[in-house]
Amino acid sequence: MPFCSFGIDLGSTTTVVCRPGRGLVLQEPSLMLIRAGDRRPEPILIGAEAQRLQGRIRNGMAVVRPFRDGAVADLPAARAYLASVLRRITPRPWDRMRPRAALSVPTGSTALEQRALLEVAEEAGFGRVVLVPGPIAGAVGCGLDPMEPRVHLVVDVGGGRSEAVAFCYGDVLTSRSSRIAGEEMTLALRRHLRQRYRLIVDELTAEGAKTAATAPNGPLVLEGRDLESGRPRLVTMSVQEVGEVLSPVCEEIAEALAECLEELPPLAVMDILQDGVLLFGGGALVPALTEVVAAAFAAPVRVAERPLTCVAEGAAACMRWPDLRQAYAV
Ligand SMILES: Nc1ncnc2c1ncn2[C@@H]1O[C@H](COP(=O)(O)OP(=O)(O)OP(=O)(O)O)[C@@H](O)[C@H]1O
Ligand SMILES: [Mg+2]
């Protein structure tokens, strides 16, 4: 029986798993509920079920993020989390026989971080694991051919990190990354609510408002705690106001990433001007980001059709594309 295989994107915000030929098999927040202080944590809940308890529990239990910035944040927690993910994606026990996987990693990840990830995946029960740069996987997931003799530029704005990568025929020409991404946008919204409306809101509420503002349905109503009295209070914000709060963060991201253009040869810049920049990751859903990326890179921008899942889809495609794995595998 052939080994079963998966493409996996262990994002700081979301874990996405795609099985070649079958499509998405998991898309859940990268969170896990454990008993606080456990040295060998056993996940009580993972994903959306764990997220529901975030901010609601305090003593005895904790909701943790096993991965941060595409790297292992906590070894035992990451191992336990990946083992749980493996059980979820393989309902039939025989599929669990050391399945193969392509894991996406940030372009700038260190050799030590990559070793930790490979070890954790192996201990969690995976068989042969290959690492592929996330932005390249995302490009493949959007239908680009990274082995084409043409320079492509992609921008991935996730939750904890933003990356821009230019690549051609198996070669990463240049890349830039920044810690400013979706979480920073949420933080800016929380700061604004505190300063302008004297309202304290939790991370989930702010993130919900940020996401809702990208599909405008009239004004947003946010629930929080009054800064002075501590009592619950509602605040109404327009979609436009949310956009104004997010814009400066988007500009900061675009400016940091556009620096990579300076290192490219003229022919590469010509290719990018003609084909445009491919944008994906959750940040791609913020309208302001598309505009500022286009301005900073002085090139048209194409937003991926499935910006939240294309990295895992591309990683799954890499499992069937040996040339690509050989050219770009890290
Ligand atoms: N509709 C939306 N509008 C605005 N932001 C969104 C939307 N959907 C998701 N996001 C944001 O996108 C971010 C998550 O994106 P994504 O899933 O690409 O990140 P990730 O891959 O988990 O993280 P990273 O790549 O940094 O490790 C979160 O900050 C989330 O709030
Ligand atoms: Mg990502």
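## Around ligand 1

Let's start at the ligand. Of the 22 residues around ligand 1, the ones that come nearest are Gly-11, Thr-13, Gly-158, Gly-182 and Gly-282. Here a residue is near a molecule if its C-beta atom, placed from the backbone, lies within 6 Å of it. Two elements, α5 (182-197) and α6 (203-212), give two or more residues each to this shell. Helices such as these are DSSP runs of H or I with at least four residues, strands are DSSP runs of E with at least two, and both are numbered from the N terminus.

Which element gives the largest share of the shell around ligand 1? That is α6, with three residues. By residue type, the shell divides into four nonpolar, 14 polar and four charged residues. In this count Ala, Val, Leu, Ile, Met, Phe, Trp, Tyr, Cys and Pro are nonpolar, Asp, Glu, Lys and Arg are charged, and the others, Gly among them, are polar.

## About the model

This is a predicted model, in which local features need pLDDT of at least 70 and side-chain atom pairs count only at pLDDT 80 or more, while totals for chains, interfaces and linings use all residues. Residues are numbered from 1 along each chain as its sequence is written, and chains are lettered from A and ligands numbered from 1 in the order in which they are written.

## Domains

The protein is divided into domain 1 (5-137 + 311-328), domain 2 (142-180 + 250-306) and domain 3 (182-246). These bounds come from an automatic or database domain assignment. How far apart do the C-alpha centres of domain 1 and domain 3 lie? They lie 31 Å apart.

## Helices α5 and α7

Now look at α5 together with helix α7 (residues 239-258): their axes come within 9 Å and cross at roughly 130°. Axes are lines fitted to C-alpha atoms, for helices over the stretch in contact, and angles run from 0 to 180 degrees between N-to-C directions. The crossing angle makes α5 oblique to α7, since angles under 35 degrees count as roughly parallel, over 145 as roughly antiparallel, 65 to 115 as roughly perpendicular and the rest as oblique. α5 passes α7 in a right-handed crossing; a crossing is right-handed if the near helix is turned clockwise from the far one by less than a right angle, and left-handed if anticlockwise.

Each helix offers a residue to look at. Arg-191 is found in α5 and counts as exposed, because it has 12 C-beta neighbours inside 10 Å. The scale is this: buried means 20 or more other C-beta atoms within 10 Å of the residue's own, exposed means 12 or fewer, and partly exposed lies in between, with C-beta atoms placed from the backbone. Arg-191 and Val-245 are 54 residues apart along the chain, and their C-alpha atoms are separated by 9.5 Å. In α7 you will find Glu-241, which is partly exposed with 16 C-beta neighbours inside 10 Å. From Glu-241 to Gly-281 is 40 residues in sequence and 23 Å in space, C-alpha to C-alpha.

## Residues in the loops

Two residues have a positive phi although they are not glycines: Arg-98, at about 40°, and Arg-198, at about 55°. Arg-98 sits in the loop between α2 (75-89) and β9 (100-105), and Arg-198 in the loop between α5 and β14 (199-200). Arg-98 is partly exposed, with 14 other C-beta atoms within 10 Å. Arg-198 has 15 C-beta neighbours inside 10 Å, so it counts as partly exposed too.

Is Arg-179, in the loop between β13 (171-178) and α5, buried or exposed? Arg-179 is exposed, because 12 other C-beta atoms lie within 10 Å. Its C-alpha is 9.0 Å from that of Gly-159, with their positions 20 residues apart in sequence. Leu-227, in the loop between β15 (220-226) and β16 (232-237), is partly exposed with 14 C-beta neighbours inside 10 Å. Leu-227 and Tyr-197 are 30 residues apart in sequence and 8.8 Å apart in space, C-alpha to C-alpha.
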